[in-house]
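Q: I am new to this structure and would like a close look at a single part of it. Please take me through that part slowly, and then on to what surrounds it.

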Amino acid sequence: SYKNLSVNLGYFNQDKDKFGLIPTIVSTGERKRKGYSADVSLNVPAGEKMRFNFFAYYDWFDKHETLGWNPPRQALKDLDIGNKETTGFSAYKTGIEAQGFYDFSDETQLIVGILYEYQDTTPYESKIYNTDILSPFNSSPFLEGHTNYDMSSYMQIDTKLWKKLGIVGGI
């Protein structure tokens, strides 16, 4: 942070084996998750009762897991026509937001804002381990990637009724 500007950066990397003793349908083998994020915000005062906030962000996430055992997959493996499976996807999201604040009093403020967000996700697929062959149990509802655009605007009034009780109204 520097004066009214704030920049945040984040990164994570999880590389784990199966958690616990009991196999689950969610994950029975290695799990790899990684991602990073970045955001910047700027707070601009505009007099005693008014201020503006501007915010921009970018997030990326990648998830891959191995399904080593569950009853349907084990049945195919026992018949020598199946193997472990991998599931995974990656996605990113970016957006910008602008807000204006007006303080009517110490207890009441008006907030107005606009937001634009873009998101892109790859297909969430189950594949036979170490191949590009789709699993016969590929049951994800997201077998195709998807892209979203969201735009919105809002207005709300926040007021404090008592020390620890407030009310918010907005559209």
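Where does K3 lie?

A: This is a predicted model, and in it K3 lies in the segment before β1. Although K3 is not a glycine, its phi is positive, at about 55 degrees. K3 is also exposed, with a relative accessible area of 72%, where over 50% is the cut-off for that word.

From K3 the view can pass to strand β1, which covers residues 5-16. Together with β2 (31-45) and β3 (50-67), β1 supplies at least two residues each to a nonpolar patch. This patch on the surface is formed by L5, V7, L9, V40, L42, M50, F52 and F54, and together they have about 670 Å² of accessible area. One of these residues, M50, has its place in strand β3, and M50 is partly exposed, with a relative accessible area of 33%.

The aromatic rings come next. A pair of aromatic rings is described by the distance of the centres and the angle of the planes. The count for this model comes to 9 aromatic pairs. Among them is the pair of F12 and F61, which is tilted, with 5.9 Å from centre to centre and 35 degrees between the planes. That pair links distant parts of the chain, since F12 is in strand β1 and F61 in strand β3, 49 residues apart. Both rings are partly exposed: F12 has a relative accessible area of 34%, and F61 has one of 27%.

Another pair is made by Y92 and Y118, whose ring centres are 5.8 Å apart and whose planes stand at 45 degrees, so this pair is tilted. It too links distant parts of the chain, with Y92 in strand β4 (residues 85-103) and Y118 in strand β5 (residues 108-121), 26 residues apart. Y92 counts as partly exposed at 26% relative accessibility, whereas Y118 is buried, with a relative accessible area of 17%; the reason is that buried means under 20%. Y92 and Y118 also belong to one aromatic cluster, which they form with Y36, Y58, W60 and Y149.

A ring can also have a charge over it, as with F101, where the charged end of R51 sits over the ring, 4.2 Å from its centre.

Further along the chain, strand β7 (residues 146-162) and strand β8 (residues 165-170) pair in the antiparallel sense over 6 bridges. A hairpin joins β7 to β8 through 2 residues, and in this pairing D158 stands opposite V168 in β8.

Conventions: Residues are numbered from 1 along each chain as its sequence is written. This is a predicted model: local features need pLDDT of at least 70, side-chain atom pairs count only at pLDDT 80 or more; totals for chains, interfaces and linings use all residues. Side-chain values use heavy atoms; hydrogens and water are left out. Two strands pair if DSSP finds at least two bridges between them. Helices (H or I, at least four residues) and strands (E, at least two) are DSSP runs, numbered from the N terminus. Patches are made of residues with over 30% relative accessible area and no salt bridge: like charges are joined within 9 Å, nonpolar side chains (Val, Leu, Ile, Met, Phe, Trp, Tyr) within 5 Å. Accessible areas come from the Shrake-Rupley method with a 1.4 Å probe; for residues, only the protein chains shown count as cover. A salt bridge is a side-chain nitrogen of Lys or Arg within 4 Å of a carboxyl oxygen of Asp or Glu. Buried means under 20% relative accessible area, exposed over 50%, partly exposed in between (1.4 Å probe, protein chains only). Rings of Phe, Tyr and Trp (its six-membered ring) pair if their centres lie within 6.5 Å; planes under 30 degrees apart count as stacked, over 60 as edge-to-face and the rest as tilted. A charge sits over a ring if NZ of Lys or CZ of Arg is within 6 Å of the ring centre and within 35 degrees of the ring normal.
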